[in-house]
Amino acid sequence: MRDLKILCAATLTALSATLVFGVDSANVILKNSDGKISRRSVKLEKTDDNAMRLRIAKSEVPKGALWLEIYPNTATATKGDPGYFIFSRGEYINFTRENFIMVRPKNLIPIFGAKTPHETFVGIAKTLHNEYALCASAKDGKHKMYLKYGLRSIAGGLYDDIIIDFYTLTGDDADYCGMGRKYRQLRLKSGEIKPIRERIKTNKLLEKTWGNVIARLSVCATMPTPKKDNTCFKNPPPIRVIASFERQKETIDALSRAGIKDVTLVLPGWQRGGVNGCCPDIFPIPEELGGEEGLKSLIAHAKAKGYPL
C-alpha cells in the first residue's frame, strides 16, 4: 500500500511538471492624466483558430491617459529558469539577471514570444502595430515581459481597440522557430502573403529576378551624416560622388564582356543626397550623377544588356 502511494505521488509530480498552462488573462495597468494608476485583470477569449485573444476597447481607455501596460499572465519566470523572451528583432533574453530593464519602442513585425516554465507562446498584435513598446524587466530575479502603449504620444488618442492574439506552442514547435512558423502559417492562410512560386505565375519580372543572382553595384553617392536632425533638409551638405550613372554603365559593360548572366542589379545611392541622404524625399535626382535623364539612360542600358536594374 505504501509503495502504491509513493508511485501515485511520483506520477502526479511528473504530470504537473509537464502540464502546459496557456495565457488566459493579462494584468492591465493604466496611468491617468491626473497621475493616478489603476490595475485590473482582463480575461482572454478563445477564437475560432484556437488563439486566446486579449481585447481592450478604445472606449475603455480614458481620454488623456498617459500610458497603458499589458502583462500576459504566463510571461513570467524566475532567475535560473530555462527559457527566454523573444523580441520582434530576433533578440532574446535568458532568465539569468537579477535586475534589468529592456525597452524596444519600434517593432519590425508585430510578434513577440516567450518560453517559460508555464508555457511557450507567440503573441501577435492585430492592431496598433506601431504604437507599443515591447519590454522585458527583472526585479530581484523575477522576470516579466510586457507591452507598453505610450498613449500621450499617439496623435488624436487611441484610434483602435487593442487586440492581441496568443497561441500556445507545444512539441517541436515550442521554441522560437515554432513562433516564426506559426506567424508565417497565419499570414499565408489569411492571404496577406503569397509564396514567390505563386507570385511568379503572374509577374514575369519577378520570375526572371527569382532565378537571378542579386548583385549590388557601387554606391553612386553619399552624404555626410548630419551631427543633428535636419527634418526640413535645409541647406544639406554637398554629396560625394563615388560612381556616376555613366560610370555604372562601364561596370555593366564589364559584366557583359565577362559573360556573367542571370544577374539582377541593385543601384544604391541614386537618390537626392545619395546614401544617408534626404530619404524619403528622394527627388530631384542629383545632377552630379547625371540627373533624371542619366538615370533613365542607365536603366535602358542595363536592360539592353539583359540585366534587370
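**Start with the cysteines.** Select the cysteine sulfur atoms in this predicted model and look for pairs within 2.5 Å. The count of disulfides by that rule comes to 0. Two cysteines are worth a click while you are here. C135 has a relative accessibility of 2%, so it counts as buried, the cut-off being under 20%. C220 is at 0% relative accessibility and therefore counts as buried too.

**Zoom out to the whole chain.** Switch to a cartoon view, and you can trace 6 helices and 18 strands. Of the 309 residues in the chain, 39% are buried. Now think about contacts with a separation of 6 or more: 66% of them join residues 24 or more positions apart. If you turn on a surface, you are looking at about 18,900 Å² of exposed area, with carbon and sulfur atoms supplying 53% of it.

**Select the largest nonpolar core.** In soluble globular proteins, nonpolar side chains tend to be buried together. Here the largest nonpolar core has 39 residues. Show L54, L68, I70, Y149, L151, I162 and I164 as sticks, as these have the most contacts inside the core. Then colour strand 12, residues 132–139, which gives the most to this core, with 4 residues.

Next, centre on I162. Which residues is I162 in contact with, leaving aside its neighbours within four places in sequence? You should find L54, R55, I56, L68, I70, T127, L128 and Y149 around I162.

A second, separate core of 18 residues awaits elsewhere, and L265, L267, I285 and L295 are included in it. Keep L295 selected, because you will meet this buried residue again on helix 6.

**Move to helix 5.** Select residues 245–257. Helix 5 has 13 residues and spans 19 Å from its first C-alpha to its last, close to the 18 Å expected at 1.5 Å a residue. Its buried residues are F245, Q248, K249, I252 and L255. Look down the axis: these residues cover an arc of only 115 degrees, which puts them on the same side of helix 5. Show strand 18 (263–266) and helix 6 as well, since the buried residues of helix 5 pack against both. Just past the helix, click G259, where phi is positive, near 75 degrees.

**Stop in the loop.** Between strand 18 and helix 6, select Q271. Is Q271 buried or exposed? At 15% relative accessibility, Q271 counts as buried. Not counting residues up to four places away in sequence, Q271 touches I282 and P286.

**Finish on helix 6.** Select residues 291–304, a run of 14 residues. From first C-alpha to last, helix 6 reaches 20 Å, close to the 20 Å expected at 1.5 Å a residue. Colour its buried residues: G291, G294, L295, L298 and A302. Seen down the axis, they fall within an arc of 100 degrees, so they line one face of helix 6. Those buried residues pack against helix 5. Now rotate to the face turned away from the buried side, where the exposed residues E293, K303 and A304 sit. Your last click is G306, just after helix 6, which takes a positive phi of about 90 degrees.

Definitions and conventions. Residues are numbered from 1 along each chain as its sequence is written. This is a predicted model: local features need pLDDT of at least 70, side-chain atom pairs count only at pLDDT 80 or more; totals for chains, interfaces and linings use all residues. Side-chain values use heavy atoms; hydrogens and water are left out. Helices (H or I, at least four residues) and strands (E, at least two) are DSSP runs, numbered from the N terminus. Buried means under 20% relative accessible area, exposed over 50%, partly exposed in between (1.4 Å probe, protein chains only). Contact means heavy atoms within 4.5 Å. Accessible areas come from the Shrake-Rupley method with a 1.4 Å probe; for residues, only the protein chains shown count as cover. The expected span of a helix is 1.5 Å times one less than its number of residues. The arc is that of the directions from the helix axis to the C-beta atoms. A nonpolar core is a set of buried Ala, Val, Leu, Ile, Met, Phe, Trp, Tyr and Cys residues joined through side-chain atoms within 4.5 Å.
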